[in-house]
Amino acid sequence: MESPPKSPPDLPITTTTPATPTPKKLTLIPLIFLIYFEVAGGPYGEEPAVQAAGPLLAILGFLIFPFIWSVPEALITAELSTTFPGNGGFVIWADRAFGPFWGSIMGTWKFLSGVINIAAFPVLCIDYMEKIFPALESGWPRYLSVCLSTLFLSFLNFTGLAIVGYVAVVLAAVSLSPFILMSLIALPKIKPHRWLSLGQKGVKKDWNLFFNTLFWNLNFWDNVSTLAGEVEKPQKTFPKALFVAVIFTCLAYLFPLFAVIGAVDVDQKRWESGFHAEAAEIIAGKWLKYWIEVGAVLSGIGLFEAQLSSSAYQVLGMADIGFLPTFFGVRHKRFDTPWLGILISTMITLGVSYMNFTDIISSANFLYSLGMLLEFASFIWLRRKMPTLKRPFRVPMKLPGLVIMCLIPSGFLIFVMAIATKTVYLVSAIMSVCGVGWFFLMKYCKSKKLFKFSTNEIEDIEEE
């Protein structure tokens, strides 16, 4: 007979300092929309999939990919976030599975992929706004716009996570409403045979762009794990929020894609980031185009805020569990937000914002792929290593089934990495080497007591 479930004796759960008033925790609805903005933020940015592989493959991609990628990642996030509900998130998982070296490397890969990914959102907003203001297409007006918008949005993140969560609800409603309207207006104009097109003759398939577009639009489900310490009743709230967010996100991509492909017949090469706005003008007129342009900006704000929150709280979480010096976990006295984590994330984001949209998502995807391979391995190994560990939510499969569930998306991760460009390989290799160096630097600082590191890591998960 199996022994009764046990709680880990060294489970790190990050908590607020007793002297500080308890901040307002995230509840179910704001968490759903924060997850939504961690992953998608609307159909903005899905258009290159049609340009790269044609209408049919784009539709199939957004239909099938969630089942082989998004659902497994969401299930793993739900189990591990409820088992280890601390702001360290995936860093805790890798540490508990394979030790502090791999926990630190996981932190490096996920943090850098996150902040590089954040840089894509101001760029995506400007891609839409340049349709209205052509001066933003290139040169100093474009660079200045990206820089100023990045700084402004970073400042908004200081106001607090609960506020960001409720703002995400409003932003989702406003940014999605023009797509709902466009899909309804397009219904009489839809010709279903266009959905079956494999693309124009003579247009070569760009598999790198196609798979990176799918991957970028449907990943980062686990980023919300770094906010687990800020969620009210995470053991119950996380699984519900992830389940709703997966369904909501997939529908938000598919309905506009079916509508625009079926109602609009244009050159395939025009399907670049921002094309949904042009399609709205063709379907309904300039007024809807401008509404989608505004929606793109609002969606970009939501994406930026959600993912910057995850990156900043990851820094805080790593400080709380002793991977970084304690000063990295400092919070703002008034808003209780990790202001140093926000500042570090913003500076790195600005550093890569000069890259074009495709290079940004390719670099983010590669580093994220490395982190996800380690995350899948951590998930499997923790099931084997700690079979009696209390798991408030458990993926309803035994170990062989879990291995198969992880192998399918792992194969895709390896494929995405294999088709990366030399530039992406170089950038990822340099950052990985820096991550290894950072681990040994922190180890040296601990041994020489150059900085103060947290040693208060123990707080058991409560049994229900």
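**Close-up views of a helical protein chain**

**View 1. A chain with much of its length tucked inside.** Of the 464 residues in the protein chain, 58% are buried. Please keep in mind that this is a predicted model. The accessible surface adds up to about 19400 Å², and carbon and sulfur atoms supply 69% of that area.

**View 2. The fold is built from helices.** You can count 16 helices in the protein chain, alongside zero strands. Along the principal axes, the C-alpha atoms occupy a box of roughly 65 × 55 × 40 Å. The radius of gyration is 22 Å, which agrees with the value near 23 Å for a compact globule of 464 residues. Among contacts with a separation of 6 or more, 85% join residues 24 or more positions apart.

**View 3. Charged side chains.** Here the protein chain shows 36 positive side chains and 32 negative ones. The centres of these two sets lie 3 Å apart.

**View 4. A look at the cysteines.** How many disulfides does a search of the whole structure find? The search of the whole structure comes back with zero. Take Cys-250 as one case: the closest cysteine sulfur belongs to Cys-406 and lies 18 Å from the sulfur of Cys-250, so the two are too far apart for a bond, given that a disulfide needs sulfur atoms within 2.5 Å.

**View 5. Two cysteines and their surroundings.** Is Cys-250 buried or exposed? Its relative accessibility is 13%, so Cys-250 counts as buried, the cut-off being under 20%. Cys-147, with a relative accessible area of 29%, is partly exposed.

Technical notes
Residues are numbered from 1 along each chain as its sequence is written. This is a predicted model: local features need pLDDT of at least 70, side-chain atom pairs count only at pLDDT 80 or more; totals for chains, interfaces and linings use all residues. Side-chain values use heavy atoms; hydrogens and water are left out. Helices (H or I, at least four residues) and strands (E, at least two) are DSSP runs, numbered from the N terminus. The radius of gyration is taken over C-alpha atoms; the globule rule is 2.2 Å times the number of residues to the power 0.38. Buried means under 20% relative accessible area, exposed over 50%, partly exposed in between (1.4 Å probe, protein chains only). Contact means heavy atoms within 4.5 Å. Accessible areas come from the Shrake-Rupley method with a 1.4 Å probe; for residues, only the protein chains shown count as cover. Lys and Arg count as positive and Asp and Glu as negative; His and the chain ends are not counted. The place of a charge is taken as NZ of Lys, CZ of Arg, CG of Asp or CD of Glu.
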